[in-house]
Amino acid sequence: MKEWKKLLRRGVALVSAGAAVWLTARTADLSGAWDTLSSLRAGEAAVTALLEAALGETEDPLSSAGLEGVLRLAVEDTPELAAQGDAVAAWLEEAEDTAETSAESETLPEEEPEGEAGADGAEDSAVSDEAQSEAASSELTPEEDSVETLAVDWSGVSADDIGVDNDTGGKTVDVSALLSGEMPLKLQSAEAGPQILIMHTHTTEAYAMSGDDVYTETDTSRTTDEQYNMVRIGEEMKAVFEAWGLSVIHDTTTYDYPSYNGSYGRSLAGIQAYLEEYPTIAVVLDVHRDALIGSDGTAYATTTEIDGESVAQVMLVVGTNDSGLEHPNWTDNMAVAVRLQAAMLSLAPDLARDIDLRSQRFNQHLTTGSVLVEVGTSGNTLQEALAGARLFAQAAAAVYLECVG
């Protein structure tokens, strides 16, 4: 009897969630349905199952509820959701990623903090054109004479030096084969057009306030001030790449404000727009910072000392098709990430954290050169993050230049 009642309650919840989404989609535009999805906190599992059914990502996601026919009717009569497959997929990915991050944060040990937490914010906007992006970020660009071009030689780095934190449900990688194999990434010359797109799905992420790096907090570890959020980190990378002769576009669009939910869907559209306008773009770097939060709210930093300087560690995140979303060539992205990791390790053995292999695809199905770059955490200072960003860009530039031809 108890199992029957549990099944009935689950069925009622599923039908309620399905009905809410169906009614919204039938009476308003897709953005209205999105608001409904975001508001159904009590039935997130039901909404996820409904959307997965609409996308055909699972064979029978609702059969265990015993109400397959009712929900399937709601899904099939909601073409507005099914027609937006990529956007819905991004919404699902983000919901899963947020849940995993929250679960990981709660398991961190309680230690002395290495820095105070930062802030939030930003303005929602459409994709900026190249001129607007350059004008908006010109004040953040480092002086040309402050950018070094270092010699990077990763020939001495072996596969054993490259760690992979495999968070998938069953994907495997052969690091040795990827490191020694042919590089799948190809770049045109800088004269042909932009080669690299730097952008930030979570633009407003910020660092611990320290010294003169003080800003107005609009939410924990987030700020709309581009001098202190991920835009500043992207500008640091852009300056290094350009010093090496690479052609870069920096998309400074805010994708995670005023609404954090749906940011991957919005950045997906932004990336697609840039790729359509500039088909020479081969590399897409989605630059973030990580968050390691203890159960007591302490923000932890990931740092190393390089030549006497405190530097934020860098982590590459590679998405797969493990969640069921279309991403058949994810191993090519992994091969690029392995080469980037080797180049970072050649500069400093502790600069890079292990590569994080994930089930979600993080919009990385759009180009072979797509990778998510986590520069430090919310516990790091901005100056530590800038130092880490410069070293990553030095290593990455050396790799990319070998791919030009």
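This report describes a predicted model of one chain, moving from its overall make-up to two of its helices, two loop residues and two enclosed or open spaces.

Residues are numbered from 1 along each chain as its sequence is written, and side-chain values use heavy atoms, with hydrogens and water left out. Because the model is predicted, local features need pLDDT of at least 70 and side-chain atom pairs count only at pLDDT 80 or more, while totals for chains, interfaces and linings use all residues.

**Overall make-up**

The chain holds 12 helices and nine strands, where helices (H or I, at least four residues) and strands (E, at least two) are DSSP runs numbered from the N terminus. Of its 405 residues, 52% are buried, a term that stands for under 20% relative accessible area, with exposed meaning over 50% and partly exposed lying in between (1.4 Å probe, protein chains only). Among contacts (heavy atoms within 4.5 Å) between residues at least 6 apart in sequence, 82% join residues at least 24 apart.

**Two helices**

The table sets out α9 and α12, with the expected span taken as 1.5 Å times one less than the number of residues.

| Helix | Residues in helix | Expected span | C-alpha end-to-end distance |
|---|---|---|---|
| α9 (residues 230-243) | 14 residues | 20 Å | 20 Å |
| α12 | 20 residues | 28 Å | 28 Å |

In α9, 12 of the 14 residues are buried, so this helix is largely enclosed by the rest of the structure; among them are M230, R232, E235, K238 and F241. At the N-terminal end of α9, N229 acts as a cap, with a side-chain oxygen 3.0 Å from the backbone nitrogen of V231. Just after α9, G245 takes a positive phi of about 90°. Helix α12 is mostly covered as well, since 17 of its 20 residues are buried.

**Two loop residues**

E205 sits in the loop between β2 (196-199) and α9, and at 5% relative accessibility this residue counts as buried. Leaving aside residues up to four places away in sequence, E205 touches S221, R222, Y228, N229, M230, D256, H288 and R289; N229 is also the residue that caps α9.

M183 lies in the loop between α8 (175-180) and β2, and its 10% relative accessibility places it in the buried class. With residues up to four places away in sequence not counted, M183 touches V336, R339, V399 and C403. Although M183 and E402 are 219 residues apart in sequence, their C-alpha atoms are 9.3 Å apart in space.

**Cavities and pockets**

On a 1 Å grid over the protein atoms alone, a cavity is a set of points where a 1.4 Å probe fits but cannot get out, a pocket is an open set with protein on both sides within 12 Å along at least five of seven lines, and lining residues have an atom within 4 Å of a point. Searching the whole structure gives two cavities of 30 Å³ or more, and the largest cavity contains about 40 Å³ of space. Its lining consists of I271, V284, D286, F362, N363, Q364, S370 and V371, with β4 (283-290) and β9 (369-377) each supplying at least two residues.

The second largest pocket contains about 340 Å³ of space. Of the 15 residues that line this pocket, E148, L150, E309, R390 and L391 are the closest to its centre. The elements giving two or more residues to the lining are β6 (309-312) and α12 (382-401), and α12 gives the most, with four residues.

Conventions. Polar contact = N/O pair within 3.5 Å; in protein donor to acceptor, adjacent residues only side chain to side chain. Points joined across faces, edges and corners; volume = space filled by probe spheres on them.
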